[in-house]
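Me: I should like a close look at a single part of this model. Please begin with one residue and then explain how the surrounding elements are arranged.

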Amino acid sequence: GAEADRICRTLASLLLALDRRMPKLGWRLLADALATIQIRLLAEPATGRMAQEGTERLFEALRQNLPAGRYRAILAQSSRATLAWQQARRATG
């Protein structure tokens with residue numbers, strides 16, 4: 001709903017500001033934040049469709065507002081972290 005949209009816009013703005021203010025390391029913090037969000041959704045499937053849609057909107061907002069190469073680097077790092085979490089979970093579960 002409207003509250004989820006507001007939260008998504010605010011989070012996207014904060015992440016973009018972090019990237020601008022920390023040009024050398026901000027991308028890594030963004031990647032870690034995105035991985036954490038993805039892991040949370042995978043760990044708790046009951047979070048529901050609204051959380052998934054909000055996450056999709058967040059990724060899209062970042063894609064639209066970051067340089068393409070930077071977004072790809074963030075996405076790749078986030079994906080690696082999420083995959084490592086999934087593999088570790090399978091190995092222990």
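Reply: A helix here is a DSSP run of H or I with at least four residues, and helices are numbered from the N terminus. In this predicted model, Thr 55 lies in helix 3, which covers residues 49-65.

Consider first the surroundings of Thr 55. A residue counts as buried when its relative accessible area is under 20%; Thr 55 has a relative accessibility of 12% and is therefore buried. Leaving aside residues up to four places away in sequence, Thr 55 touches Ile 37 and Leu 41.

These two partners lead to helix 2. Ile 37 and Leu 41 are among the residues of helix 2, together with Leu 30, Leu 34 and Gln 38, that meet helix 3. On the side of helix 3, the contact is made by Ala 51, Gln 52, Thr 55, Leu 58, Phe 59 and Leu 62. The residues of this contact comprise eight nonpolar, three polar and no charged. An α-helix has 3.6 residues a turn, so residues three or four places apart point the same way.

The geometry of the pair may now be described. The axes of helix 2 and helix 3 come within 11 Å and cross at roughly 160°. Angles over 145 degrees count as roughly antiparallel, and helix 2 and helix 3 are therefore roughly antiparallel to each other. Their crossing is left-handed.

Helix 2 itself has 18 residues, which at 1.5 Å a residue should span 26 Å; the end C-alpha atoms are 26 Å apart, in agreement with that expectation. Its buried residues are Gly 26, Leu 30, Ala 31, Leu 34, Ala 35, Ile 39 and Leu 41. The elements that cover them include helix 1, helix 3 and helix 4.

Helix 3 also meets helix 1. The axes of helix 1 and helix 3 come within 9 Å and cross at roughly 35°, and this crossing is right-handed. In helix 1, Ala 4, Asp 5, Cys 8, Leu 11, Ala 12, Leu 15 and Leu 16 take part; in helix 3, Met 50, Gly 54, Arg 57, Leu 58, Ala 61, Leu 62 and Asn 65 do so. The residues of this contact divide into 10 nonpolar, two polar and two charged.

Finally, helix 4 covers residues 68-92, and its 25 residues should span 36 Å at 1.5 Å a residue; the end C-alpha atoms are 36 Å apart, which agrees. Tyr 71, Ile 74, Gln 77, Ser 78 and Thr 82 are buried in helix 4. The buried residues of helix 4 pack against helix 2 and helix 3.

Terms used. Residues are numbered from 1 along each chain as its sequence is written. This is a predicted model: local features need pLDDT of at least 70, side-chain atom pairs count only at pLDDT 80 or more; totals for chains, interfaces and linings use all residues. Side-chain values use heavy atoms; hydrogens and water are left out. Helices (H or I, at least four residues) and strands (E, at least two) are DSSP runs, numbered from the N terminus. Buried means under 20% relative accessible area, exposed over 50%, partly exposed in between (1.4 Å probe, protein chains only). Contact means heavy atoms within 4.5 Å. The expected span of a helix is 1.5 Å times one less than its number of residues. Axes are lines fitted to C-alpha atoms, for helices over the stretch in contact, and angles run from 0 to 180 degrees between N-to-C directions. Angles under 35 degrees count as roughly parallel, over 145 as roughly antiparallel, 65 to 115 as roughly perpendicular and the rest as oblique. A crossing is left-handed if the near helix is turned anticlockwise from the far one by less than a right angle, and right-handed if clockwise. Ala, Val, Leu, Ile, Met, Phe, Trp, Tyr, Cys and Pro count as nonpolar, Asp, Glu, Lys and Arg as charged, and the others, Gly among them, as polar.
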